[in-house]
Amino acid sequence: MDYLKAADEGLNGLKVLPGEDPMERAWRKTLNSVIDQIVQEDPSREGAIALMDLKLDPGPFPGTKYVDRRSLAVSVALGAVLGAFAVELVLPPLPATWVPAQWIGAIGALLGAVGAVFFARPKEVPDMGRARAHLALLAELTFKTIEATTAKPVEQARKNDGDIARALYDLKNASPDGLVAAAEGLLIEAANGGYEGLRGTPSFVNPSGPSVFSWSADLLDRYEPFGYYDEGDPVMEERAPIVKDGVVLEKGVVRRALR
């Protein structure tokens, strides 16, 4: 996973709509890049990612404060001139023995300079480098969260496939006396792996005849009807559907049951 690439995607051509937080928008684009990279590597995780709550507050857009030295110099000079002018205009003539006349301008300039420095506040500009590093860190944390959450079903599926494979080999190598137990073991592992309709006593142990039930239009998702049936007509299952984790892999077949 290239976290810096995801962060660059978030900052690339960043345009913010009125009233929108720039960092929030950049993070959404970064998150989309992370998800795209994961799905490209493993498309099977797309569904699990869509169900995850990945809301995250990235905080404000980082900025750097700086002082424009030229503007500060102009402010100091202008403040000094205005301060000196104000002192000359406001203060009455003072005895030379108390305050020398030449000091009046200096005092005014000093007051003007102090005021100019006070009001020349630092400005803040967006720091793209810090924003990139922060988004990359968030991308890494999110990737690890997705990896830890979506990897579990994949690992469980691999384990189930391994259990079914082991049961198949046990069935192949079973003795004539152990065929029933081996076959039942295979059915149990397949049922644990998500295949439906395999639990209960197998027909080769206790024959029970075909399953008979009333026909409904809802059953078209699971069965191919051999003929036309009205709602409520009795039908028997000729071949069971193959269903795994709620997904019909192959439809079953039903025929009209004999009355």
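Student: In what order do the 4 strands of the open sheet stand?
Tutor: Heads-up: this is a predicted model, where local features need pLDDT of at least 70, side-chain atom pairs count only at pLDDT 80 or more, and totals for chains, interfaces and linings use all residues. Residues are numbered from 1 along each chain as its sequence is written, and side-chain values use heavy atoms, with hydrogens and water left out. Strands (E, at least two residues) and helices (H or I, at least four) are DSSP runs numbered from the N terminus, and two strands pair if DSSP finds at least two bridges between them. Here the pairing is mixed, and the order is β3-β5-β8-β4.

Student: Which strands stand at the edges of that sheet?
Tutor: Look for strands with a single partner. Such a strand has one side without a neighbour in the sheet, so the edges belong to β3 (212-214) and β4 (223-225).

Student: By how many degrees are neighbouring strands turned against each other on average?
Tutor: Angles run from 0 to 180 degrees between N-to-C directions, with axes being lines fitted to C-alpha atoms (for helices, over the stretch in contact). For this sheet, direction is ignored, and the average comes to 40°.

Student: Do β5 and β8 run parallel or antiparallel?
Tutor: Strand β5 (residues 234-239) is joined to strand β8 (residues 252-256) by 4 bridges. Among the bridge partners, Met 236 goes with Arg 255, and Val 235 goes with Arg 256. The two strands run antiparallel.

Student: Okay, and which residue in β8 is the bridge partner of Pro 225?
Tutor: This one belongs to the pairing of β4 and β8, which has 3 bridges and goes in the parallel sense. The partner of Pro 225 is Val 254.

Student: Which residue does Val 212 stand opposite in β5?
Tutor: β3 and β5 are paired in the antiparallel sense, with 3 bridges. Remember the β5 residue whose partner in β8 is Arg 255? Val 212 stands opposite that residue, Met 236.

Student: In the hairpin of β6 and β7, which turn residue has a positive phi?
Tutor: Strands β6 (residues 242-244) and β7 (residues 247-250) pair over 3 bridges in the antiparallel sense, with Ile 242 opposite Glu 250. The hairpin has 2 residues between its strands. The one with a positive phi, about 50°, is Asp 245.

Student: Now the helices. How is α1 placed relative to α2: parallel or oblique?
Tutor: The axes of α1 (residues 3-11) and α2 (residues 22-41) come within 7 Å and cross at roughly 140°. Under 35 degrees would count as roughly parallel, over 145 as roughly antiparallel, 65 to 115 as roughly perpendicular, and the rest as oblique. That makes α1, against α2, oblique.

Student: How many charged residues are in the contact of α1 with α2?
Tutor: The crossing is right-handed (near helix turned clockwise from the far one by less than a right angle; anticlockwise would be left-handed). Contact means heavy atoms within 4.5 Å, and the residues making it include Lys 5 and Glu 9 of α1 and Lys 29 of α2. Ala, Val, Leu, Ile, Met, Phe, Trp, Tyr, Cys and Pro count as nonpolar, Asp, Glu, Lys and Arg as charged, and the others, Gly among them, as polar. The tally is 5 nonpolar, 4 polar and, for charged residues, 3.

Student: Is Gln 37 buried or exposed?
Tutor: Gln 37 is in helix α2, and beyond its neighbours within four places in sequence it contacts Met 1, Asp 2, Lys 5 and Ala 6. Buried means under 20% relative accessible area, exposed over 50%, and partly exposed in between (1.4 Å probe, protein chains only). Gln 37 has 12%, so it is buried.

Student: What is the relative accessibility of Thr 142?
Tutor: Thr 142 sits in helix α6 (residues 128-172). Leaving out neighbours within four places in sequence, it contacts Trp 27, Leu 31, Leu 54 and Leu 56. Thr 142 counts as buried, at 7%.

Student: How does Phe 204 count: buried, partly exposed or exposed?
Tutor: Phe 204 is in the loop between α7 (179-192) and β3. Not counting residues up to four places away in sequence, it touches Val 180, Ala 183, Glu 184 and Leu 187. Its relative accessibility is 47%, so Phe 204 counts as partly exposed.

Student: Last one: what percentage of the protein's residues are buried?
Tutor: The protein has 7 helices and 8 strands. Out of its 259 residues, the buried share is 27%.
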